[in-house]
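Please examine the model shown below. The dialogue after it explains how several of its features may be read.

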Amino acid sequence: PGIYGKHPILGEELVNLPYVPGINLYCQGEKFDMGCSGYDNYEKSLDMRNGALRRSLIWHTEAGAIKIRWERYLSMSRKNCIFQRVVFCAQEDMELTVENFLDGDVTTNGYDHVERLDAWHDGGLEMYLTLDSGQQAGMRSVMRIPGKTEPEYSKQGRRLAQTYCLSLKSREEVVVEKVGIIVTDLDGAGGTKQLRDRIREEEASLPDWESDFREHCRIWEHL
């Protein structure tokens, strides 16, 4: 989004904003970790026809195997939005916990440019920050979960999270979607209230994954 700050040694630099796409997975207390979890059939691709990033694998947990497929793209039709989708298919009935999080504990070349950060939850996760340059940014993360599962919320320092417990049935696919919305004062919104109003306007008109992806691909084809 073109947010800059002044590093005490390196001078002006593009600032890292809080991490928006975060999703963690837990199966009966076991966290999925690419560095130490057992998995196979791993594939990763970037589709140059539409800019979609895809990953897939089979995660071997103590409760059984789960086939997982991730998809993510930065929307060309809604340039303030990141769309993500995760598809699960377990070999056995099991419980899976999905954690949606925003992580504001970030630095840029070892320097913290954030002067103020406010974070709260209201159906989704929200963060609003002011940098040492005076620039401001806001972000909201919303998950679309099948059924009427109610999340649990937690906040530790600059990290905000919500967790959902899913009951996976053997060989039945479950789809979870996440949309991240990022707005800055460069979008014509200054101050927390204006940033929040702009984010809520964007959220209110969000289409489903398939509809946005079709429009995204149509625009991509004409680049």
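The following exchange treats a helix, a pocket, a strand residue and two backbone angles.

Q: What kind of model is this, and how are its residues numbered?
A: This is a predicted model, in which local features need pLDDT of at least 70 and side-chain atom pairs count only at pLDDT 80 or more, while totals for chains, interfaces and linings use all residues. Residues are numbered from 1 along each chain as its sequence is written, and side-chain values use heavy atoms, with hydrogens and water left out.

Q: Which residues of α1 are buried?
A: Buried means under 20% relative accessible area, exposed over 50%, and partly exposed in between (1.4 Å probe, protein chains only). Helices (H or I, at least four residues) and strands (E, at least two) are DSSP runs, numbered from the N terminus. In α1, the buried residues are L195, I199 and E202. Viewed down the axis of α1, they fall within an arc of 60°, so they line one face of the helix; the arc is that of the directions from the helix axis to the C-beta atoms. K193, E201 and A204 are exposed on the other side of α1.

Q: Against which strands do the buried residues of α1 pack?
A: Contact means heavy atoms within 4.5 Å. The buried residues of α1 pack against β8, β11 (125-131), β12 (136-144) and β15 (173-184).

Q: Is L102 buried or exposed?
A: L102 is found in strand β9 (residues 94-103), and it counts as buried because its relative accessibility is 0%. Leaving aside neighbours within four places in sequence, its contacts include Y19, V20, L125, M139 and R158.

Q: Which residues lie nearest the centre of the largest pocket?
A: On a 1 Å grid over the protein atoms alone, a pocket is an open set of points where a 1.4 Å probe fits, with protein on both sides within 12 Å along at least five of seven lines; lining residues have an atom within 4 Å of a point. Here 20 residues line the largest pocket, and Y19, I23, R55, W70 and R72 lie nearest its centre. Two or more lining residues come from each of β3 (23-27), β6 (52-61), β7 (64-74) and β8 (81-90).

Q: What is the sign of phi in N41 and R171?
A: Most residues other than glycine have a negative phi. Phi of N41 is near 55°, a positive value, and R171 has a positive phi of about 65°. N41 is found in strand β5 (residues 39-47), whereas R171 is found in the loop between β14 (159-168) and β15. N41 counts as exposed at 53% relative accessibility, and R171 counts as exposed at 62%.
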